[in-house]
Each structure stands twice: as C-alpha cells, then as structure tokens.
Amino acid sequence: MQYRTFNKTGEQVSLLGTGTMRLPLSEDGKVDRLEAISMIRRSIDMGVNYVDTAYMYHDGESEKIVGEALKDGYREKVLLADKMPVWLAKDEDEMKALFEEQFKRLQVDVIDMYLVHNITVPVWKRAQKFKLMDFLKEQQEKGRIKHIGFSFHDELSLFKEVIDAYPWDFCQIQLNYMDKDFQAGEEGLRYAAERNIPVVIMEPLKGGKLTDALPRTVQSLWEQAEIKRTPAEWAFRWVADHPEVMVILSGMSSKEQLEENLRILSDAKPCSLTDKERAIIDQVSSEYNKLIQYSCTGCKYCMPCPKKIDIPTAINFYNEWFLYEGNPKIKDDYPTWLTEGRRPSDCVACKACEEHCPQHLPISEIMEKTAEIFE
Ligand code: SF4
Ligand code: SF4
C-alpha cells in the first residue's frame with residue numbers, strides 16, 4: 001500500500017481508504033455483517049489505515065458494523081472518519097444528540113477525522129445557525145475528535161468560501177475523470193492543497209457508473225488501449241495521478257473489489273500517466289458525456305420519497321435506456337424494481353428529494369420522463 005502525508009496533521013495515510021456506504025448485501029437485501037466485518041479487517045491487514053463511515057449509511061448499520069470491525073485491536077491501527085448530518089437536526093440539541101449517538105453506535109471514545117457531512121448551501125447555513133463549528137472545536141479540545149473537516153457537494157464558488165471560512169484540518173470532495181469540472185473538481189482540489197488542506201476523494205468510480213455494464217462504445221475504446229486495464233484501474237489511476245490527493249475512498253461491496261483496489265493503489269504513482277493514457281481517458285469521458293443523461297451516484301440522500309419511489313433505481317433505468325440505445329430488454333426488469341404504487345408516475349413533484357441531492361438533479365422532471373418511456 002502507498003502512503004501519503006497529511007501535510008497539516010503529519011499523519012501517514014494509506015492511499016486507499018475503506019468506504020462503508022456500499023457494504024456487501026445478503027440475499028434479503030440487508031448488510032451481510034460478517035462479510036462486511038471481514039472485508040474491513042482484511043483491508044486493514046493489507047495496510048489500509050483510513051476507515052470512513054457516516055450516520056446515514058445503510059440506515060445506521062454502517063457505523064455499528066465499523067464499530068464491530070474495529071474491535072480486537074483494529075481500532076488502534078486506523079484513522080476513523082465519521083460525519084455530522086446536520087440537516088437531520090431540527091435544533092442544536094438534536095445535533096448534539098446525533099453526535100453522541102454516533103459514539104454509541106461505533107463503541108469508541110475518540111473519532112479521529114470528523115466531518116461536517118455533505119456541505120451544500122442549506123447545510124452550510126444550518127451548520128452556522130447551530131454553531132456547529134464552535135461545538136466541534138469544544139469536542140476537539142475535550143479530545144473526543146482529533147481533526148475537523150467537511151465533505152462537499154455544491155458549486156466551486158461555495159467550496160472556496162467554505163475553505164476560507166475555517167482553519168480546516170482536511171476536506172473531502174467528489175472527483176473522477178467525469179467530474180473534473182463538476183462541484184469542487186480539479187480546481188477545488190488545487191485550491192485546498194495550495195492552502196495546505198489535505199484532500200480525501202470520494203466517488204472515484206462515480207458510484208460504480210464507470211465500471212458496471214459498460215456501453216459498447218466505451219468498451220471498445222478501452223479495448224483499443226495499448227495497456228490492458230480494467231475500467232476501475234483506469235479510473236483509480238486517473239485520480240491517483242494527482243499528487244494533491246491524500247486518500248481515495250472506495251465503497252467496496254465485495255472481496256474481489258477490495259483485492260483489485262489494493263493491487264491498483266499499491267502501484268498507481270502520482271504524475272505517472274502518459275499523454276497517450278490521458279488521451280484515452282479523455283475519449284472515454286466524452287463518450288460517456290454523450291450517453292449519460294443524469295449523473296446520479298446512487299447515494300440515496302434523496303430518500304425516502306413520500307410516494308415510496310426508489311429514486312436512484314428509476315434514474316438508473318432512465319440512463320440505461322440511453323446508454324444501451326433503447327434496448328427493449330431494459331423494460332423487462334422495470335416492473336420488478338419499480339412496483340405498482342411506487343412508480344415514477346406516482347411522483348407528485350413535491351421536490352422534497354431535490355433539496356437533498358448532492359448532484360442537484362431535477363428529480364421530479366426525471367421521474368416524469370422515466371414514466372413516459374417505461375409506463
Ligand atoms: S418530487 Fe417526486 S420523487 Fe421527489 S420526493 Fe416528491 S414525490 Fe418523491
Ligand atoms: S438522485 Fe441525487 S440524491 Fe438521489 S441517489 Fe441520485 S445522486 Fe443521490
């Protein structure tokens with residue numbers, strides 16, 4: 001495993017960080033706890049020393065599973081990251097209660113890396129209204145959290161404003177070869193690094209969109225490349241090529257993915273991509289840009305919908321229709337996944353979901369378009 005140095009805190013961190021938003025599932029759709037614990041421990045045994053969770057991942061199961069996984073001597077080997085979902089709190093007392101609940105779920109006394117989760121304009125306003133930064137500073141002085149950071153999903157201008165508003169220890173942004181100029185993007189990465197703020201990367205594979213079921217044209221571009229690599233390897237290497245990147249979080253769902261990621265990120269060096277390699281990635285990126293209609297990462301921040309619509313699945317159907325050129329087979333699965341009474345056509349355009357979408361997708365409009373094609 002490669003390690004990079006958090007310039008502000010001096011810690012040596014593994015380039016691969018274990019994310020826990022997409023843990024392995026059992027047949028009943030619940031998290032496979034034993035497999036998840038075994039994967040987290042395997043990643044640590046192989047040198048990963050950054051483990052990331054959040055209050056809402058898997059409806060709270062993620063924090064509990066991470067807590068279990070870090071027993072038996074694993075806690076001391078890692079930097080543990082967790083995040084404050086301030087938008088879930090109605091007032092300061094509720095915010096503080098969420099914070100306490102996280103320690104109970106994790107069964108730890110100290111959280112090393114504590115982030116304000118998912119900063120967008122309304123989240124940042126609420127954090128200020130509830131004096132979240134003062135609260136976190138107090139908790140840091142008490143030794144309950146070590147480093148204070150934030151994760152971000154809004155425009156570059158807000159990113160710069162947030163970076164300049166507080167002496168952050170680190171931050172976390174979405175970055176992959178499709179999102180170079182989206183949200184904080186590459187410019188945000190450089191902006192933070194120039195101010196000595198270490199950057200953790202999330203969504204390096206765009207929620208699996210860059211690796212799962214490739215469109216024909218993208219597959220053929222990868223096949224034409226002189227060096228044979230999996231789509232995941234191309235995507236990870238593109239992120240790791242940036243020397244400013246400290247940790248790349250990957251929400252791994254299987255041991256195979258973990259082993260592949262360990263292999264890739266033990267080897268991918270900064271500034272190592274050749275011009276030829278970059279050109280192939282650029283070609284793939286423009287091909288995707290032609291095909292993907294809406295950049296949903298499957299994060300589920302938009303859920304639950306009052307009409308019980310499975311929003312990310314619906315958007316996935318819509319995108320696939322264009323990625324696979326209207327293949328009628330895509331329609332076969334639609335009734336199974338989007339069942340009667342909770343279909344996109346049931347959307348009442350209340351837009352409760354849109355407020356929480358980090359990708360700022362016009363969800364109600366997409367529901368309407370999806371219903372037009374599939375219902
Ligand atoms: S706008 Fe539609 S999809 Fe979004 S929460 Fe309302 S009913 Fe659900
Ligand atoms: S619609 Fe937005 S919030 Fe919902 S899963 Fe997709 S990216 Fe996440």
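Where in the chain does His 360 lie? Select His 360 and look along the backbone on both sides. His 360 lies in the loop that joins helix H13 (329-337) to helix H14 (363-374). Keep in mind throughout that this is a predicted model.

**Stop 1: two positive phi angles**

Stay on His 360. Its phi is near 55°, a positive value in a residue other than glycine. Is His 360 buried or exposed? Neither label fits: at 39% relative accessibility, His 360 counts as partly exposed.

Now select Gln 107. Phi of Gln 107 is also near 55°, again a positive value in a residue that is not glycine. Gln 107 sits in the loop between H3 and strand S6 (111-119). Because its relative accessibility is 45%, Gln 107 counts as partly exposed.

**Stop 2: Gly 60 and helix H2**

Select Gly 60. This residue is in the loop between S4 and H2. Gly 60 counts as buried because its relative accessibility is 0%. What does Gly 60 touch, leaving out residues up to four places away in sequence? Show Tyr 55 and Arg 105; these are its contacts. Arg 105 is 45 residues away along the chain, yet the two C-alpha atoms are separated by 7.9 Å.

Move on to helix H2 (residues 61-69). Its buried residues are Ser 62, Glu 63, Ile 65, Val 66, Gly 67 and Ala 69. Which elements cover them? Colour helix H1 (33-45), strand S4 (50-52), strand S5 (79-84) and helix H3 (92-106), which are among the covering parts.

**Stop 3: the largest nonpolar core**

Select Leu 136, Phe 150, Trp 168, Tyr 177 and Tyr 288. In the largest nonpolar core, which has 93 residues, these five touch the most other members. Add helix H9 (residues 231-240): H9 gives this core its largest share, 7 residues. In soluble globular proteins, nonpolar side chains tend to be buried together.

Zoom in on Tyr 288. Leaving out residues up to four places away in sequence, Tyr 288 touches Tyr 177, Met 178, Lys 209, Leu 210, Leu 214, Pro 215, Val 218 and Leu 323.

A second core is separate from the largest one and holds 22 residues. Select Cys 302, Ile 311, Ile 315 and Tyr 334, which are included in this second core.

**Stop 4: a cis peptide bond**

Step along from Cys 302 to Met 303 and Pro 304. The peptide bond from Met 303 to Pro 304 is cis, with omega near 0°. Pro 304 is in the loop between helix H11 (275-291) and helix H12 (311-323).

**Stop 5: ligand 1**

Select ligand 1. The space that ligand 1 takes is the largest cavity. Which residues are around ligand 1? Show Cys 305, Pro 306, Lys 307, Ile 311, Cys 347, Val 348, Ala 349, Cys 350, Lys 351, Cys 353, Ser 364 and Met 367. By class, this shell has 9 nonpolar, 1 polar and 2 charged residues. Ile 311 appears here and also in the second core.

**Stop 6: ligand 2**

Finish at ligand 2. The space taken by ligand 2 is the second largest cavity. There are 14 residues around ligand 2. Which of them come nearest? Select Cys 296, Cys 299, Lys 300, Cys 302 and Cys 357. The shell around ligand 2 divides into 10 nonpolar, 3 polar and 1 charged residues. Cys 302 has come up before, as a member of the second core.

Technical notes: Residues numbered from 1 in each chain as written. Chains lettered and ligands numbered in written order. Predicted model: local features only at pLDDT ≥ 70, side-chain atom pairs only at ≥ 80, totals over all residues. Heavy atoms only, no water. Core = buried A, V, L, I, M, F, W, Y, C linked by side-chain atoms within 4.5 Å. Buried < 20%, exposed > 50% of the residue type's maximum accessible area, 1.4 Å probe, protein only. Helix = DSSP H or I, 4+ residues; strand = E, 2+ residues; numbered from the N terminus. Contact = heavy atoms within 4.5 Å. Near = heavy atom within 4 Å. 1 Å grid on protein atoms, 1.4 Å probe; cavity = no way out; pocket = protein on both sides within 12 Å on 5 of 7 lines; lining within 4 Å. Sits in = over half its atoms within 2 Å of the grid points. Nonpolar A, V, L, I, M, F, W, Y, C, P; charged D, E, K, R; others polar.
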